[in-house]
Amino acid sequence: MSIHQFAVVSPDAKIGKDVQIGPFVTIDGNVEIGDGTIIDSNAVIRSGARIGRNCHIHSGAVVSDVPQDLKFKGEDTIAVVGDNTVIREFVTLHRGTASKGKTVIGSNCLIMAYCHVAHDCNLGDHVIMSNSAQLAGEVVVGDWAVIGGGALIHQFTRIGQHVMLQGGSLVNKDLPPYVMVGRYPISYEGVNSVGLHRRGFSEEQINTIQNVYRMLYLSRLNTTDALNKIVAEMPESAERNIIVDFVRASKRGIVRMGI
């Protein structure tokens, strides 16, 4: 463990092996930092932070500060960062509220400079947030999703796994799994087939996903009827079920196809 002489580290913080803490870092009590993690200069790690192994927190980042939520009354909550995740410069990650109790960023994520992850958000593994993307409270992001720079995500929105979201998008509807989304107003732009190929999906799996979305978006049926038709007529598969379950669970409604 290496702690710079100008860092301020609470004696109550639990610091793992081979952790490197740079100058002018502030680490509160009730903090846990896993083995091999690097905390660069001027980063601030507030009470409730639970940072995994082999993470890299860059200069100026703030992890586990209190939520920007007027309902927050100082309850004991946490912010979790999974193993091997990179938090770049000036990212702000706020801890949870009484609603969920924790904010979570998964493992192997990359959160680029100036991003904001608000209270009670839940990000899966391998998520990429490009520069200045902003998540409002209680947003859920699935594994392998890519959020373009400057995107603004409305509170309570869900982004499915393997979604590719265009930079600068304004998102106020749920984005179902495996799709590309962009333009203004926000709209469905097709299946993220390039990303799926890169992640090892077979042609059969990708064809299944494309057929589901053809029926969902091009059949001229309403969403409920389209889902019923998909279940009745398409062979069962993991991909089909993931899409159907996501859409059925949507409270905000899913993004529509552009005109």
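Which residue stands opposite Ser187 in β28? In this predicted model, the position is taken by Gly182. Gly182 closes strand β27, which spans residues 179-182 and runs antiparallel to β28, the two being joined by four bridges. The hairpin formed by β27 and β28 has four residues between its strands, and Arg183 adopts a positive phi near 65° there. Of the five residues of β28, four are buried, so this strand is largely enclosed by the rest of the structure.

The loop that follows β28 (187-191) and leads into α1 (193-198) contains Asn192. Because its relative accessibility is 4%, below the 20% limit, Asn192 is classed as buried. Beyond its neighbours within four places in sequence, Asn192 is in contact with His162, Val163 and Met164, with Tyr178, Val179 and Met180, and with Arg199. Among these contacts, Val179 and Met180 belong to β27 (residues 179-182).

A separate arrangement is found in an open sheet of nine strands with parallel pairing, ordered β2-β5-β8-β11-β14-β17-β20-β23-β26. The edges are occupied by β2 (8-9) and β26 (170-171); each has a single partner strand, so one side of each lacks a neighbour in the sheet. Within this order, β11 is followed by β14. Strand β11 (residues 62-65) and strand β14 (residues 92-94) run parallel and are joined by three bridges. One residue pair in this parallel arrangement is Val63 with Leu93, the latter being its bridge partner in β14.

Terms used
Residues numbered from 1 in each chain as written. Predicted model: local features only at pLDDT ≥ 70, side-chain atom pairs only at ≥ 80, totals over all residues. Heavy atoms only, no water. Buried < 20%, exposed > 50% of the residue type's maximum accessible area, 1.4 Å probe, protein only. Contact = heavy atoms within 4.5 Å. Pairing = 2+ DSSP bridges.
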